[in-house]
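Here is a short set of exercises to work through with the model on your screen. Try each task yourself before you read the solution.

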Amino acid sequence: MKSLMQVMSEIVDNFSILRRIARFNVRSKWADNYLGSVWDYLEPLIYIGTYFVVFGMGLYGGTVNGHPYLTWLFTGIIPWYYIQGSFNKGISSISSQLNLLTKMRFPISVAPVMPMLEELRRFFFMSIVMVIVLLAFGVYPSVHWLQFVYAFIAMVATVLAHNLINSTLAVLIPDYKAAINALFRLLFFTSGVIVNMDNGRLPYMLATFIKMFPFYYVLEQFRDSFLNGVWFWQHGSNVIFFWLLTLLMLIFGSVVHMRFRDRFIDML
C-alpha cells in the first residue's frame, strides 16, 4: 500500500505538467496531416460505421436487448476506444518516454498516465457524439445518466492499474509486449464491445468468466447508465469484485514499478 500511495502522490504532484505534455503530444501526432487532429475523431467514426453495417445490419438485425444496435454499440465502443488507446500506448509508455522523463527529472511513475491524458479529449468529444446519437434514437436524459461519473472513474482506475503493470513488465520481459497485444486484440471481441455476451449462444460458464473481466464491467456501467437504467449498486457482488481486483492490480503494479524503476535505464 505504501508503494501505491507514493505512486499516486507523484502523479498528483506532477499532474499539471503532465497535462501540458499530453496536449503537446496530441497536437504533434497529426502535425504532418492536412486534417490534423480531425483524424482523432474521424478514424473511430469510420470504424463504428463499419461495425454497424456488419454486425448491426447483418448479425443482430438492428437491435440488441430491445435497443437499437447503434445506440448499444456507441455506449460500449466510446469507452472502449479510450481503453484501447490508453492501453496500447501505456504498454510502451515507460520505454518510449524514459529518456525524456529522466532529463526533465520527472518520476517515471507518471509515464503510464500520459497516454490516459492524451486520450481524454477524444473520449469527451466522442461522448458528445454518443449523446447526440442517443437523442436521435429517442433515448432521452434520465437521472441514471449521472452514473456516467461512476463509470468514468471505474474506467480510469482499471486502465491505470493495467498501465502500471504492463509498462513495467514490458521493460522487464522482452516478449511481454507482443504477448499482451495479441491478448488485447482477443479482448475486443470478448468484452462485449460489438458482440452481445447475453445472446445465449455462449456456454454459461464461458459467458460468466468473460463477464469477470474489468473491461467488460466498465462497458456495462456505461450501458446501464445510458440505456438500461440500472444503478451500479444493484449488482453489489460485481461492484465488490471489480474494485477488489482493481485495488489488487494497483498495489501489485505499484510495488513492481517501485521495485525496478531505478534499473529501467539499464534495461533499455
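Four exercises follow, each with a worked solution.

Before you start, note that this is a predicted model: local features need pLDDT of at least 70, side-chain atom pairs count only at pLDDT 80 or more, and totals for chains, interfaces and linings use all residues. Residues are numbered from 1 along each chain as its sequence is written, and side-chain values use heavy atoms, with hydrogens and water left out.

**Exercise 1. Find Ser225 and work out which residues Ser225 is in contact with.**

Step 1: Go to helix H11, residues 214-228, where Ser225 lies. Helices here are DSSP runs (H or I, at least four residues), numbered from the N terminus.

Step 2: Check the accessibility. Ser225 counts as buried because its relative accessibility is 1%; buried means under 20% relative accessible area, exposed over 50%, and partly exposed in between, with a 1.4 Å probe and protein chains only.

Step 3: Look for partners. Leaving aside neighbours within four places in sequence, Ser225 is in contact with His144, Trp145, Gln147 and Phe148 (contact means heavy atoms within 4.5 Å).

Step 4: Pick out Gln147, whose side chain joins that of Ser225 in a polar contact of 3.2 Å. For a polar contact, take a pair of N or O atoms within 3.5 Å; within protein, one must be able to donate a hydrogen and the other to accept it, and residues adjacent in sequence count only if both atoms are side-chain atoms.

**Exercise 2. Place Val133 and say which residues Val133 touches.**

Step 1: Val133 sits in helix H7, residues 120-136.

Step 2: With 14% relative accessibility, Val133 counts as buried.

Step 3: Not counting residues up to four places away in sequence, Val133 touches Leu70 and Phe74. Leu70 is 63 residues from Val133 in sequence, while their C-alpha atoms are 8.1 Å apart in space.

**Exercise 3. How many salt bridges does a search of the whole structure find, and which residues are linked in a network?**

Step 1: Recall the idea: side chains of opposite charge can pair when their charged atoms come close. A salt bridge here is a side-chain nitrogen of Lys or Arg within 4 Å of a carboxyl oxygen of Asp or Glu.

Step 2: The search finds 4 salt bridges.

Step 3: Start from Glu119, which forms one with Lys89, their closest N and O atoms being 2.9 Å apart. This pair links distant parts of the chain, 30 residues apart: Glu119 is in the loop between helix H6 (114-118) and H7, and Lys89 is in helix H4 (residues 69-91).

Step 4: Compare the two ends. Glu119 is buried, at 5% relative accessible area, whereas Lys89 is partly exposed, at 29%.

Step 5: Glu119 also forms a salt bridge with Arg122, with closest N and O atoms 2.8 Å apart, and both of these residues are buried.

Step 6: Put the network together: Lys89, Glu118, Glu119 and Arg122.

**Exercise 4. Where do Glu220 and Arg223 meet, and are they buried or exposed?**

Step 1: Their side chains meet in a salt bridge, 3.9 Å from N to O.

Step 2: Return to helix H11, where Glu220 and Arg223 are separated by about one helical turn because they are 3 residues apart.

Step 3: Both Glu220 and Arg223 are buried.

Definitions and conventions: Helices (H or I, at least four residues) and strands (E, at least two) are DSSP runs, numbered from the N terminus.
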